[in-house]
Amino acid sequence: MPGDVVLVVDDEPQIRRVVRNALTSENARVIEAANGRDAIDLAAAERPALIVLDLGLPDIQGLDVCREIRSWSSAPIIVLSARHSDQEKVALLDAGADDYITKPFSPGELQARVRAQLRRSRLAPAAGATQVITIGELVIDPVKPSLKKGDGAVHLTKTEWELLRTLLKHAGRTLTHQQLFRAVWGNSSGDMQQYLRVHIRSVRRKIEADPVRPRLIVTEPGVGYRFENEP
Amino acid sequence: MSDEGGSPRRRGLGVWEWVGWFALLFVVTWGMAAIRPRLNEAHVTLAYLLVVQIGSARGGRPLGLSLAAIAFICFDLFFLPPFGTLTLQDPLNWLVLGAFLLTSILSAQLLYRAQAEAETARDRAAEIDRLASLGAETLNVGRAEEALTAIVSVIRSSLRLDECTVYLSDPMTRAIQPITRSGDAGAETAADAELAQLVAGEGRTALQFVDGTTQLDADERILADIDKSPRVRALARPLQVRDRTVGVLSIANSNGLALSAAQIRVLDALSYYAALGVERVRLVAEAQRAAVLQEAHKAKDAVLASVSHDLRTPLTTIKALAHEIAEGGDDRAAVIEEEADRLNLFVAQMLDLSRIASGAAASDIQPNEAEDLLGAAVQQAAGRLHGRELRVAVASDEPLLFGRFDFAQTLRAVVNLIENAAKYSAAGEPVELAARRDDQWLLFVVSDRGPGVPEEERERIFEPFYRRSGSPDVGGTGLGLSIARGIAEAEGGRLDVANREGGGSVFTLRVPAIATADLQRSLQLGDGREPAPS
């Protein structure tokens, strides 16, 4: 994080102050905007490494700011929200946000999320889907493809590999049910929810040490799933 | 037909008309007498019949019969030999005379009947017309009360009453209140209201006689027998819609109510309209009440949403600054941060309760898998177990457990149950979490080794803010269990508590299960792009 430019967008000066304190203590350089218009201009001019975006802006809907910036920037966007609605979270992720934090949050929580997003964005795009990954006694080779758990090889079906590759490709980022289903099943119709859950369960049973205490494929309730690249 | 419909209504036939008809008969007689040699009995019969029938048709039965009698005598006197006497030369001519008389009387009678029937039909048609237009009027009037006012004034004028009142009757308390009144009962208004209250309570018609005594309808014959009763001053009858008494119609005449069968029929029909009118008044009032309530609900939701938003923003600042200060070594700041968290939890739970109360607790019901929920619950409960172990029991050979529920909300309910279990069980005792199928239900079961819940408290612990008797001060908001139950019910499921064998309690949350046999099979079929999208 040292030296990274982080753009903080919030109309509340107190919140900007809290976020600034949390991030400067991590040696990030913080620039601030109090409304959506300024946020888009600053993001274009300064090309920040990461954006912390509040949803309740006075001029432009936070969701639209998110979409606008995402259309030309790949910098991770972390959204701050005072509401708890899952539909809102899904809409944000679909609009291109990478993560969200619900108010009130603790500075430690924010720092951890920012670190994780910065690390993820520094990886070559789609690296997760081509590199051999070793987590504990688990060795995943998504290209070959092969999966080893300790000494034994574990068989994954085609669909299961597709699902695992999609999650690995976006490791550290929450994918909505819709995004996952499209990536694995394309535009086919069918009971999306049911297929997805059946296959998440079977992949978990094959890669997790304890499938009811998943540490690799994490559930975001009401939103989607995330592969933890540093469980 | 019977005479029930009344005789054909005629203006009384004037003296001059009678004279005219008799004159016509004499002119015909005189004319025929002049050419008597050229006529036989048939000509005479036909001419007289013509006069009698036209007379019957125009003047009615009495005129027809009178004309027939006179024609009979004239026939005998002037056209049957010997002329000028009532005796007959040829006895066969009695047959001619008899046939003539019979035919005249019969035709007069038949014409009378036909006319009477036509008249009744016309009357009925007019009555139906009146009711139909009243009905249309009733339905078209802008305000429900105005329709009732129209009905009441029609009842009063068509039955020539002193007074007609419609009361609204509360279906629960049976209390009545007048909605509309036509005419004036004067000093008897209080007596009428008393009678109406009696009717509202009993749901039966009642009469009040001129001497002040009242009689309740025992066998539904009271109206039919009204002409046999002593003089009736007032009548009140229940207005019913779908067997519910919604109001009372009361009519009164200080000189006595005399109702004919036809009038009772009119009263029946109009009472029906009055009942519909009262029901409409009631429904309009109810709709207005509901609209006001909905407005209040909306306002409450808006207030709650903005309160939660406006509370969370400063809470974020408080929490963050307290955190910074606490890092500097001030313990008091850590307390501030904890309290900020508590306040936040409280706000969230108040919002949950309000969502449950407004029926929006489970808005995202989908097919979900049980193991997924258990995993998420373990993750979320991690910081709230106060050092206790959370044991999760799912056999690895367990078939797919699918249910239809709102994942995020059910997770909240299960985490609340885990938290509750951790709160009440002794330190070191594990909390157990399991999922299993029970017929058409998917069960999430949370068990603890706490003190258990006494029989009499098993329902009360689900009430908001209820605290178990003799329980230690365990903190929290006292809302967790009631929120959990609200969520279960919003999903069409249930949440119950039972005692656990060997001590402690078992909370069972059930949601509708989904049969997964087909999915299971397609998964076991091995590789490929299974399950094939339909």
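Okay, let's start inside chain B, with helix 11: G480(B), L481(B), S482(B), I483(B), A484(B), R485(B), G486(B), I487(B), A488(B) and A490(B) are buried there. This is a predicted model, by the way, so keep that in mind throughout. Helix 11 covers residues 480-490, and with ten of its eleven residues buried, it is largely enclosed by the rest of the structure. What do those buried residues pack against? On the helical side, helix 8 and helix 10 of chain B, and on the strand side, strand 12 (494-499) and strand 13 (505-514) of chain B. Then, just after helix 11, you get G492(B) with a positive phi of about 80 degrees.

Let me step back to the two chains. Chain B has 534 residues, of which 34% count as buried. Its secondary structure adds up to twelve helices and 13 strands. If you take the contacts in chain B with a separation of 6 or more, 65% of them are between residues 24 or more positions apart. Chain A has 231 residues, and 41% of those are buried. There we have eight helices and twelve strands. For chain A, residues 24 or more positions apart make up 58% of the contacts with a separation of 6 or more.

Now helix 2 of chain B, residues 41-59. Its 19 residues reach 26 Å from first C-alpha to last, and that is close to the 27 Å expected at 1.5 Å a residue. Which of its residues are buried? V44(B), Y48(B), V51(B), V52(B), G55(B) and S56(B). These buried residues span an arc of only 135 degrees around the axis, so they sit on the same side of helix 2 of chain B. As a reminder, an α-helix has 3.6 residues a turn, so residues three or four places apart point the same way. Turn helix 2 of chain B to its other side, and you find A42(B), L46(B) and L50(B) exposed. Just after helix 2 of chain B there is a glycine, G60(B), with a positive phi of about 95 degrees.

While we're here, look at W18(B), which lies in helix 1 of chain B, residues 15-34. The C-alpha atoms of W18(B) and G55(B) are 9.5 Å from each other, with their positions 37 residues apart along the chain. Setting aside neighbours within four places in sequence, the contacts of W18(B) are L13(B) and L63(B). W18(B) has 16 C-beta neighbours inside 10 Å, so it counts as partly exposed.

On to the pair of helices I'd like you to rotate into view: helix 7 (residues 261-327) and helix 8 (residues 331-357) of chain B. They pack at an angle of about 165 degrees, and their axes are 9 Å apart. That angle makes helix 7 of chain B roughly antiparallel to helix 8 of chain B. As for handedness, the crossing of helix 7 and helix 8 of chain B is left-handed.

How many residues does each chain bring to the contact between chain B and chain A? It's 40 from chain B and 37 from chain A. On the chain B side, the elements that each supply at least two residues are helix 7, helix 8, strand 7 (365-369), helix 9 (370-381), helix 10 (407-424) and helix 12 (517-524). Helix 7 of chain B gives the most to that side, with ten residues.

Last bit: backbone oddities. Most residues other than glycine have a negative phi, and most peptide bonds are trans. So where do we find the exceptions? In chain A, the peptide bond from K144(A) to P145(A) is cis, with omega near -15 degrees. P145(A) sits in the loop between strand 7 (138-141) and strand 8 (146-149) of chain A. Chain B has a cis bond from P81(B) to P82(B), with omega near -5 degrees. That puts us in the loop between helix 3 (61-79) and helix 4 (92-140) of chain B, where P82(B) is placed.

For phi, N27(A) is near 65 degrees, a positive value in a residue other than glycine. N27(A) is in the loop between helix 1 (13-24) and strand 2 (29-33) of chain A. It counts as exposed because it has 10 C-beta neighbours inside 10 Å. R242(B), also not a glycine, has a positive phi near 50 degrees. Its loop runs between strand 5 (232-241) and strand 6 (244-252) of chain B. R242(B) has 7 C-beta neighbours inside 10 Å, so it counts as exposed.

Key: Residues are numbered from 1 along each chain as its sequence is written. Chains are lettered from A and ligands numbered from 1 in the order in which they are written. This is a predicted model: local features need pLDDT of at least 70, side-chain atom pairs count only at pLDDT 80 or more; totals for chains, interfaces and linings use all residues. Helices (H or I, at least four residues) and strands (E, at least two) are DSSP runs, numbered from the N terminus. The expected span of a helix is 1.5 Å times one less than its number of residues. A residue is buried if 20 or more other C-beta atoms lie within 10 Å of its own, exposed if 12 or fewer, and partly exposed in between; C-beta atoms are placed from the backbone. The arc is that of the directions from the helix axis to the C-beta atoms. Two residues are in contact if their C-beta atoms, placed from the backbone, lie within 7 Å. Axes are lines fitted to C-alpha atoms, for helices over the stretch in contact, and angles run from 0 to 180 degrees between N-to-C directions. Angles under 35 degrees count as roughly parallel, over 145 as roughly antiparallel, 65 to 115 as roughly perpendicular and the rest as oblique. A crossing is left-handed if the near helix is turned anticlockwise from the far one by less than a right angle, and right-handed if clockwise.
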